[in-house]
Amino acid sequence: MAPNGQSKWLQCEEASPVGLVFSGGGARGAFQVGAWKALLEDGRGLCRPPEVVSGTSCGAINGARIAAGLGPDEMLGFWLGLADDPPVVANERFFAALLKATAAYLVQSISDDREARARQRRIFASLLRRHRLWSLSGWDALLSAYALTARFDAVSTILRQIPTPFVFDATAVKEHLRRALRGTELRSTSVALAINAVDVRTGRVVRFVNRKPEKGPRASTTHYRYEPAIDLDMIMASAAIPLLFNPFRVRDLELWDGGLLVNSPMAPAVALGARRIIPVLVTTARPVAEEARIPSFGWAVERLVDTFLDNAYQGDRKLLLDRNELAHRLPEENLTVVELARPIRPLPGTLFDVGSYLFFERRAMLAMYAAGQEAARRWLDRGPEMDSRKHTEEP
């Protein structure tokens with residue numbers, strides 16, 4: 001630690017550009033706002049705004065507001081506004097089509113041919129012998145097993161007849177974000193910004209950047225779309241959770257949540273000139289010695305989602321560390337080493353359970369905001385520490 005209490009890695013006289021990388025994570029975005037507040041206000045934190053911000057989903061929303069020059073209190077106000085007046089509207093077209101398709105399937109199933117009905121009776125008789133019929137849960141299990149075996153075709157048959165790809169319309173969220181950003185686009189920001197989404201049709205990552213990326217093998221129009229003005233549709237597209245929310249159209253593209261493929265987007269931060277990267281993640285670091293058995297179904301779902309998102313971070317981390325090794329081994333390639341800090345992330349706990357990804361409730365988000373401040377201060381207390389191949393995360 002430097003004599004003035006500030007980490008040498010973050011000293012003001014150090015000129016290397018700093019990039020913040022915000023991961024996706026729904027309502028857990030409030031955690032990132034708390035971390036950002038601590039980094040700004042703690043004496044050991046950032047002495048100047050970051051030169052680069054790269055974000056996905058809730059991280060794209062937070063990154064855009066940092067680029068717009070909004071402070072942590074204003075940023076928190078956006079998330080609390082979602083809690084106080086949820087702007088999401090159910091897609092009535094989806095539910096109307098679901099009811100119609102379900103009714104049509106039930107009518108059609110009555111006229112199944114003799115062979116189909118015989119097969120269904122055999123399956124049902126077999127399942128009767130395998131379930132406890134003296135309890136309500138036994139009958140629930142039996143009927144569920146029957147639906148997943150004898151009548152599983154109902155799922156694809158019904159879903160094919162629903163002519164809309166989302167359950168909730170997020171258009172009202174876009175208006176909420178417009179008010180928060182005080183406009184429909186970000187133009188001429190002092191911060192280089194990258195917004196990350198996924199093309200619905202091709203399944204490829206689309207990165208919108210408001211600075212032209214540095215020249216290099218990956219800095220091409222295939223990977224980056226230079227946009228002098230980042231607009232609301234680009235930001236909303238990055239946060240459009242597939243199937244749950246409607247995709248957003250940006251000119252020739254139909255776009256979904258970038259968290260599908262690039263939940264912790266470090267590559268754009270490097271391409272935009274960052275030479276020191278601070279990842280701010282919303283997935284928890286699990287202790288090495290965890291419970292020997294899975295304690296609940298909810299815990300299993302939480303671990304499934306967290307593992308999916310954390311695996312994206314580990315992939316990006318590996319690519320960056322590989323790049324640094326290549327820069328050391330092959331100086332003729334003129335690659336600059338990019339320092340990577342260990343991430344700021346929450347501790348395990350009931351606050352960050354599986355429901356917290358979509359739990360837009362004021363007290364919950366205030367608690368996550370406070371957890372973000374605590375995590376960032378703990379991160380500063382530890383150095384911050386640099387990441388390396390030898391690094392194994394601890395809570």
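Arg117 belongs to helix 5, which covers residues 114–128. This model is predicted, and residues are numbered from 1 along the chain as its sequence is written. With a relative accessibility of 35%, Arg117 is classed as partly exposed, since that class lies between the 20% limit for buried residues and the 50% limit for exposed ones. Together with Arg114, Arg119, Arg121 and Arg122, Arg117 makes up a patch of positive charge on the surface.

The setting of this patch is a protein of 395 residues, of which 50% count as buried. Its secondary structure comprises 12 helices and 13 strands. The C-alpha trace extends over about 80 × 50 × 50 Å along the principal axes. Among contacts between residues at least 6 apart in sequence, 76% connect residues at least 24 apart. The exposed area of the protein is about 19800 Å², and carbon and sulfur atoms contribute 58% of that area. As for charge, the protein carries 51 positive and 45 negative charges, and the mean positions of the two sets lie 5 Å apart.

A surface patch of another kind is nonpolar. Leu148, Phe152, Val155 and Leu159 form this patch, with about 390 Å² of accessible area together. Val155 is found in helix 7, residues 153–159. The relative accessibility of Val155 is 41%, so this residue counts as partly exposed.

The discussion now turns to the buried residue Tyr105. Tyr105 is part of helix 4, residues 92–110. Its relative accessible area is 6%, and Tyr105 is therefore buried, the limit being 20%. Setting aside residues up to four places away in sequence, Tyr105 touches Arg151, Asp153, Ala154, Thr157 and Ile158. By contrast, Ser356 is 251 residues from Tyr105 along the chain, and the C-alpha atoms of these two residues are separated by 35 Å.

Another buried position is Leu20, in strand 1, which runs over residues 18–22. The relative accessible area of Leu20 is 0%, so the residue is buried. Beyond its neighbours within four places in sequence, Leu20 is in contact with Trp36, Leu39, Pro50, Val52, Val53, Ser54, Ile66 and Ile278. Val33 lies 13 residues from Leu20 in sequence, and the C-alpha atoms of this pair are 12 Å apart in space.

Charged side chains also pair with one another. The count of salt bridges comes to 21. One of them joins Asp73 and Lys37, with the closest N and O atoms 3.4 Å apart. Asp73 is in helix 3 (residues 72–84) and Lys37 is in helix 1 (residues 29–41), so this pair ties together parts that are 36 residues apart in sequence. The two partners differ in their surroundings: Asp73 is exposed, with a relative accessible area of 53%, whereas Lys37 counts as buried at 13% relative accessibility.

Helix 3 takes part in a further link through Asp84. This residue forms a salt bridge with Arg362, and the closest N and O atoms of the pair are 2.6 Å apart. The bridge connects distant parts of the chain, as Asp84 lies in helix 3 and Arg362 in helix 12 (residues 362–381), 278 residues apart. At 35% relative accessibility, Arg362 is counted as partly exposed.

A salt bridge between loops is provided by Glu227 and Arg251, whose side chains meet at 2.2 Å, N to O. Glu227 sits in the loop between strand 8 (224–226) and strand 9 (229–231), while Arg251 sits in the loop between strand 10 (248–250) and strand 11 (253–257). These residues are 24 residues apart, and the pair links distant parts of the chain. The relative accessibility of Glu227 is 11%, so Glu227 counts as buried. Finally, Arg28, Arg303 and Asp306 are linked in a network of salt bridges.

Note on methods. Predicted model: local features only at pLDDT ≥ 70, side-chain atom pairs only at ≥ 80, totals over all residues. Heavy atoms only, no water. Patch = residues over 30% accessible without salt bridge, like charges linked within 9 Å, V, L, I, M, F, W, Y side chains within 5 Å. Areas by Shrake-Rupley, 256 points an atom, 1.4 Å probe, with all protein chains shown as cover. Salt bridge = Lys/Arg side-chain N within 4 Å of Asp/Glu carboxyl O. Lys, Arg positive; Asp, Glu negative; His and termini not counted. Charge placed at Lys NZ, Arg CZ, Asp CG, Glu CD. Helix = DSSP H or I, 4+ residues; strand = E, 2+ residues; numbered from the N terminus. Buried < 20%, exposed > 50% of the residue type's maximum accessible area, 1.4 Å probe, protein only. Contact = heavy atoms within 4.5 Å.
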